[in-house]
Amino acid sequence: MTLVAAPNLARIPAGDFLMGAADAEADERPVHRVTVGEFLIGRFPVTNDEYARFVRATGHPAPSVSELPLVASGGRDDAFRELAAPYVWQNAHPPSAHGNHPVVLVRYADALAYCVWFSETILRVVRLPTEAEWEKAARGGAEGNRYPWGNDFDPTCCSYLADAAVKRQRGTRPTGTYPPNAYGLCDMIGNVWEWVSDWYGADYYSLGESLDPSGPPAGSLRIVRGGSWVTGDISMLRCSYRHKVPPDTYAYSVGFRIACAA
């Protein structure tokens, strides 16, 4: 029997917020007011230890490097395999001393499968957050700031790539290494990109969906949010930044956190 602890969740109050950024990428505009109902979200990304319980209970394939995703194409396959190697599981066990690090090498479909299993285990619906829920949670109740802590970037607040020359000596950090935001959430920015539930739509913000928006009904790209330990461009660490990726994406820098109804 696999014992599962109750999820560590923060309650995000219902209310409206300004989503997007006026001085950023085209797909972050226009800035628009969105109302989101109350929900719960993980205080941390899902860790290797938590994901291991799912793998043991279900026999779901453990994180590995198999057929390379589209993001590793264009001559980047060797670098991808090198950077991914420390995160490959052996015999359904996560890498040594990484139990409290965010799980990575997980596709969107893997994150959904985890949510289905966890829902059945704790008898409540667990899911990925919507893009709007994620951004509201990341902002921590502050209106219009670039980052959860304010408008100026603070390198002491998140795990990111400050120096590209040491990329291969860095990696994921234990969850909770950096201070939480005002909602008590850690690692919303940096450490690992996080899957959200929406399809990507470049012009979705212009459609005027303002009440619990959940993205286009279909698409060809998915979305990850928040930046990661290999993100060197701090503009990609902003609360509003939308990173579009093919649905087959998995990487040493992509994980997820859970959400559910309050």
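The exercises below, each with a worked solution, concern a predicted model of a protein chain.

**Exercise 1. Helix α1 and helix α3**

Task: Find the angle at which helix α1 and helix α3 pack, decide whether α1 is roughly parallel or roughly perpendicular to α3, and list the residues that make the contact.

Solution: Begin by locating the two helices, since α1 covers residues 48-58 and α3 covers residues 108-122. Their axes lie 10 Å apart, and the helices pack at an angle of about 75 degrees. Angles of 65 to 115 degrees count as roughly perpendicular, and therefore α1 is roughly perpendicular to α3. Next, look at the residues in contact: α1 contributes E50, Y51, R53, F54, A57 and T58, while α3 contributes D110, A113, Y114 and W117. Sorted by class, the contact of α1 with α3 has six nonpolar residues, one polar residue and three charged residues.

**Exercise 2. The length and surroundings of α3**

Task: Check the span of α3 against the expected value, and then state which of its residues are buried and what they pack against.

Solution: Helix α3 has 15 residues, and at 1.5 Å a residue these should span 21 Å, because the expected span is 1.5 Å times one less than the number of residues. The end C-alpha atoms of α3 are 21 Å apart, which agrees with the expected span. Turning to burial, the residues Y108, D110, A111, Y114, C115, W117, F118 and S119 of α3 are buried. These buried residues pack against α1, β5 (126-127), β6 and β7 (222-225). Finally, just after α3, L123 takes a positive phi of about 60 degrees.

**Exercise 3. Salt bridges between distant parts of the chain**

Task: For the salt bridges R146 with D23, R33 with E143, and E82 with R168, give the distance from N to O, the place of each partner and its exposure.

Solution: As background, side chains of opposite charge can pair when their charged atoms come close. By the rule used here, the count comes to 12 salt bridges, and three of them are examined in turn.

- In the salt bridge of R146 and D23, the distance from N to O is 3.2 Å. R146 is in the loop between α4 (131-139) and β6 (193-199), whereas D23 is in the loop between β2 (15-19) and β3 (32-36), and the two are 123 residues apart. R146 is partly exposed at 36% relative accessibility, while D23 is exposed at 59%.
- In the salt bridge of R33 and E143, the distance from N to O is 2.8 Å. R33 lies in strand β3 and E143 in the loop between α4 and β6, so the pair ties together parts that are 110 residues apart in sequence. R33 is partly exposed, at 40%, and E143 is partly exposed, at 41%.
- In the salt bridge of E82 and R168, the distance from N to O is 2.9 Å. E82 lies in helix α2 (residues 77-84) and R168 in the loop between α4 and β6, so this pair ties together parts that are 86 residues apart in sequence. E82 is partly exposed, with a relative accessible area of 44%, and R168 is partly exposed, with one of 45%.

**Exercise 4. Helix α4 and a network of charges**

Task: Decide how many residues of α4 are buried, and name the residues linked in a network of salt bridges.

Solution: Helix α4 is mostly covered, since nine of its nine residues are buried. Among them are the charged residues E131, E135 and R139. E131, E135 and R139 are also linked with R225 and R242 in a network of salt bridges. Just after α4, G140 takes a positive phi of about 65 degrees.

How values were computed
Residues are numbered from 1 along each chain as its sequence is written. This is a predicted model: local features need pLDDT of at least 70, side-chain atom pairs count only at pLDDT 80 or more; totals for chains, interfaces and linings use all residues. Side-chain values use heavy atoms; hydrogens and water are left out. Axes are lines fitted to C-alpha atoms, for helices over the stretch in contact, and angles run from 0 to 180 degrees between N-to-C directions. Helices (H or I, at least four residues) and strands (E, at least two) are DSSP runs, numbered from the N terminus. Angles under 35 degrees count as roughly parallel, over 145 as roughly antiparallel, 65 to 115 as roughly perpendicular and the rest as oblique. Contact means heavy atoms within 4.5 Å. A salt bridge is a side-chain nitrogen of Lys or Arg within 4 Å of a carboxyl oxygen of Asp or Glu. Buried means under 20% relative accessible area, exposed over 50%, partly exposed in between (1.4 Å probe, protein chains only).
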